[in-house]
Amino acid sequence: MTLSCFDLGERMLPVAEARTRLAGLVEAPLSAERVALGELHGRVLAEDAVSPIDVPQNTNAAMDGIALAWPATHVEIPGEWRVVGEVLAGQRRDEALGAGECVRITTGAPLPPGADTVIMLEQLEERAETVVVNHPERVRPGQNVRQAGEDIPEGQTALPAGTRLGAAELGLLASLGLARASVHRRPRVAIFSTGDEVTAPGEPLPPAGIHDANRYTLAGLLTEQGAELMDLGILPDDREAMIDALSDAAGRADMVITSGGVSVGHADFTRAALEAVGRLAFWRIAIRPGRPLACGLLGEHKVPFLGLPGNPVAVMVTFLQFVVPLLSKLQGRPVREPGRLTAITDEALKSRLDRTDYLRGCYYADTDGRLHVCSTGAQGSGILSSMVAANCLIELTDDREGAAPGETVSIQPLHRLP
Ligand code: AMP
Ligand code: MG
């Protein structure tokens, strides 16, 4: 982390600058390990996956029908062909075809030597030892054939390092015959909630208590990001407990995230505890919801630390803006801006100049396919139900003072389970 991270003083940071500076908390990706294909979902490649074979391996038929060698001197093929054999998927024929000869072939079966064209079954009429081609004038040289290596040639990078492996990527690795891959270790992320009022779900709620929502929101977000969770529970507002928990976490985790307890005017012990275990900065970021935010490095291993606000919506917003890039960097993924789309707002939206406001919204396409968005209603930063109703965050940047109906706004789609 650059020194400047700790030298920001009281200056109000724009969101984009905070995002870049926070990414500096992580210097290098985590080490690599070789993992079996069946365990690779969600992992990130530490090396390029290079194809050891041509995919497909053989030039093969894309249809069931007959395979033939286009006669060199012909513009149009003859209408009748002698059937001299059959190649089913999984078989091959090494004997070349003579003039006027064809083989029956099924989809995926390798073409015999010299064959270059496949005519589909539906265009053929069966005779005793021949087939008759309907409309031979419609047959084109090389049709219905997949060339060896046309998907991925041997030696080509099929997936570059930094690729996160989803369903399609796993299928691709499998089709290359790669039974293992080198991937970055999953980041172990320690989380805890703070606050004397914060009560675990399942425990009776004290008269002045509030159930702990943040640990579960964070657990979900971290899992979606491919992290391994270290749930360290709820900390009371107590300096010693905080010091113990932070030191312990710093010794075992790749990143530590807390929520609550970093408000301005909060008892000094929180700040004191954080400073006892690491080097901390308290930032003022021009964001709503999402203030305040503490960040820094803990312990001798300089473990990145993020102290998120206590309000549940602020936790989600700051996680998506600031924690996701850190997790990407730990996993060797390129650090990108959040994914954005542009939509027309159906209603007036409030925001302040010189601050980025994130409103919870619902976007949809109208009958012409244009994206529209409306807010989900009350926007208090403790109102989690508005997050449940949302499918995007509406992002009103520093240069905007609200938006009028019909104006375009930037939205960040939320990745919700269907
Ligand atoms: P704080 O930053 O600790 O002052 O917390 C700000 C607000 O968020 C307070 O109303 C807290 O009660 C609430 N809060 C803090 N932690 C949690 C949590 N884990 N789950 C739900 N609400 C919380
Ligand atoms: Mg608190």
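These are my notebook entries on a predicted model, covering its domains, its largest pocket, some helix packing and a few backbone details.

**Ground rules.** I number residues from 1 along each chain as its sequence is written, and chains are lettered from A and ligands numbered from 1 in the order in which they are written. Local features need pLDDT of at least 70, side-chain atom pairs count only at pLDDT 80 or more, totals for chains, interfaces and linings use all residues, and side-chain values use heavy atoms, with hydrogens and water left out.

**Domains.** I looked up the domain assignment, whose bounds come from an automatic or database source, and found domain 1 (5-30 + 186-330), domain 2 (41-55 + 153-184), domain 3 (60-146) and domain 4 (341-413). The C-alpha centres of domain 1 and domain 3 are 66 Å apart.

**Largest pocket.** I noted a volume of about 1,000 Å³ for the largest pocket. A pocket here is an open set of points, on a 1 Å grid over the protein atoms alone, where a 1.4 Å probe fits, with protein on both sides within 12 Å along at least five of seven lines, and its lining residues have an atom within 4 Å of a point. The volume is the space filled by probe spheres set on the points, which are joined across faces, edges and corners. Of the 31 lining residues, Glu224, Gln225, Leu320, Leu414 and His415 are the closest to the centre.

I then asked which elements give two or more residues to this lining. They are helix H3 (214-224), helix H6 (312-330), helix H7 (385-389) and strand S27 (408-413), where helices (H or I, at least four residues) and strands (E, at least two) are DSSP runs numbered from the N terminus. H6 gives the largest share, 6 residues. Because domain 1 and domain 4 both contribute lining residues, the pocket lies between them.

**Helix packing.** I followed H6 further and found that helix H1 (residues 15-23) packs against H6 at an angle of about 30 degrees, with axes 9 Å apart. Axes are lines fitted to C-alpha atoms, for helices over the stretch in contact, and angles run from 0 to 180 degrees between N-to-C directions. H1 and H6 are therefore roughly parallel, a label for angles under 35 degrees. The axes of H3 and H6 come within 11 Å and cross at roughly 30 degrees, so H3 and H6 are roughly parallel to each other as well.

**Backbone details.** Most residues other than glycine have a negative phi, and most peptide bonds are trans. I therefore wrote down the exceptions that I looked up. A cis peptide bond joins Arg288 and Pro289, with omega about -5 degrees, and the bond from Arg291 to Pro292 is cis, with omega near -5 degrees. Pro289 sits in the loop between strand S20 (287-288) and strand S21 (293-298), and Pro292 is found in the loop between S20 and S21. His135, not a glycine, has a positive phi of about 50 degrees.

Key
Parallel < 35°, antiparallel > 145°, perpendicular 65-115°, else oblique.
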